[in-house]
Amino acid sequence: DEVMNLLLSIEKDLGRVRNISQGPRTIDLDILFFDDLTIQTKLVNIPHERLFERSFVVMPLSELPGFTALQKKFHFNFKFNNEAFPI
């Protein structure tokens, strides 16, 4: 919670305003992992609850040296629907 409170403070200092839930944001800082721990508090869920669904997180993460250690503890999906929908 201490680390998350620090991140929330940084977001606020950088101008983030939380007017719309899941809405656009100036900045968004998340804790994806904390070592290989699973942590759930009122303030934070670690690993981040939606990271496994997001190709823009999983794909770059898979290129990091420590990824093989994470794969031993957590299941990663590599099949994503990344189709763009017309506006």
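**View 1. Arg18 and Glu11 pair in a salt bridge, with a closest N to O distance of 2.7 Å.** The model is predicted: local features need pLDDT of at least 70, side-chain atom pairs count only at pLDDT 80 or more, and totals for chains, interfaces and linings use all residues. Residues are numbered from 1 along each chain as its sequence is written, and side-chain values use heavy atoms, with hydrogens and water left out. A salt bridge here is a side-chain nitrogen of Lys or Arg within 4 Å of a carboxyl oxygen of Asp or Glu. Arg18 is exposed, at 54% relative accessible area. Glu11 is buried, at 1%. The cut-offs are under 20% for buried, over 50% for exposed and in between for partly exposed (1.4 Å probe, protein chains only).

**View 2. Asp28 bridges to Arg16 and to Arg25.** The Arg16 contact is 3.0 Å, N to O. For Arg25, the closest N and O atoms are 3.8 Å apart. Arg16 and Asp28 are twelve residues apart, both in the loop between α1 and β1. Elements are DSSP runs numbered from the N terminus: helices are H or I with at least four residues, strands are E with at least two. Arg16 is buried, at 13% relative accessibility. Asp28 is partly exposed, at 36%. Arg25 is partly exposed, also at 36%. Glu11, Arg16, Arg18, Arg25 and Asp28 are linked in a network of salt bridges. The model has five salt bridges by this rule.

**View 3. The largest nonpolar core has nine residues.** They are Phe33, Leu51, Val57, Val58, Leu61, Phe67, Leu70, Phe74 and Phe76. The elements giving two or more residues are α2 (55-61) and α3 (67-73). The most come from α2, with three. A core is a set of buried Ala, Val, Leu, Ile, Met, Phe, Trp, Tyr and Cys residues joined through side-chain atoms within 4.5 Å. A second, separate core has five residues, among them Met4, Leu7, Ile31 and Val44. In soluble globular proteins, nonpolar side chains tend to be buried together.

**View 4. Six phenylalanines form one aromatic cluster: Phe33, Phe52, Phe67, Phe74, Phe76 and Phe78.** Rings of Phe, Tyr and Trp (its six-membered ring) pair if their centres lie within 6.5 Å; planes under 30 degrees apart are stacked, over 60 edge-to-face, the rest tilted. Seven aromatic pairs meet this rule. Phe52 and Phe74 are tilted, because their planes lie at 35°, with ring centres 6.2 Å apart. This pair links distant parts of the chain, 22 residues apart: Phe52 sits in the loop between β2 (45-46) and α2, Phe74 in the segment after α3. Phe74 is buried, at 11% relative accessible area.

**View 5. Ile31 packs in the loop between α1 and β1.** Ile31 is buried, at 11% relative accessible area. Ile31 touches Val3, Met4, Leu7, Val44, Asn45, Ile46 and His48, not counting residues up to four places away in sequence. Contact means heavy atoms within 4.5 Å. The C-alpha atoms of Ile31 and Asn45 are separated by 8.3 Å, with their positions 14 residues apart along the chain.

**View 6. A cis peptide bond joins Ile46 and Pro47.** Omega is about 0°. Pro47 lies in the loop between β2 and α2. Asp35 has a positive phi, near 60°. Asp35 lies in the loop between α1 and β1 and is exposed, at 61% relative accessible area. Most residues other than glycine have a negative phi, and most peptide bonds are trans.
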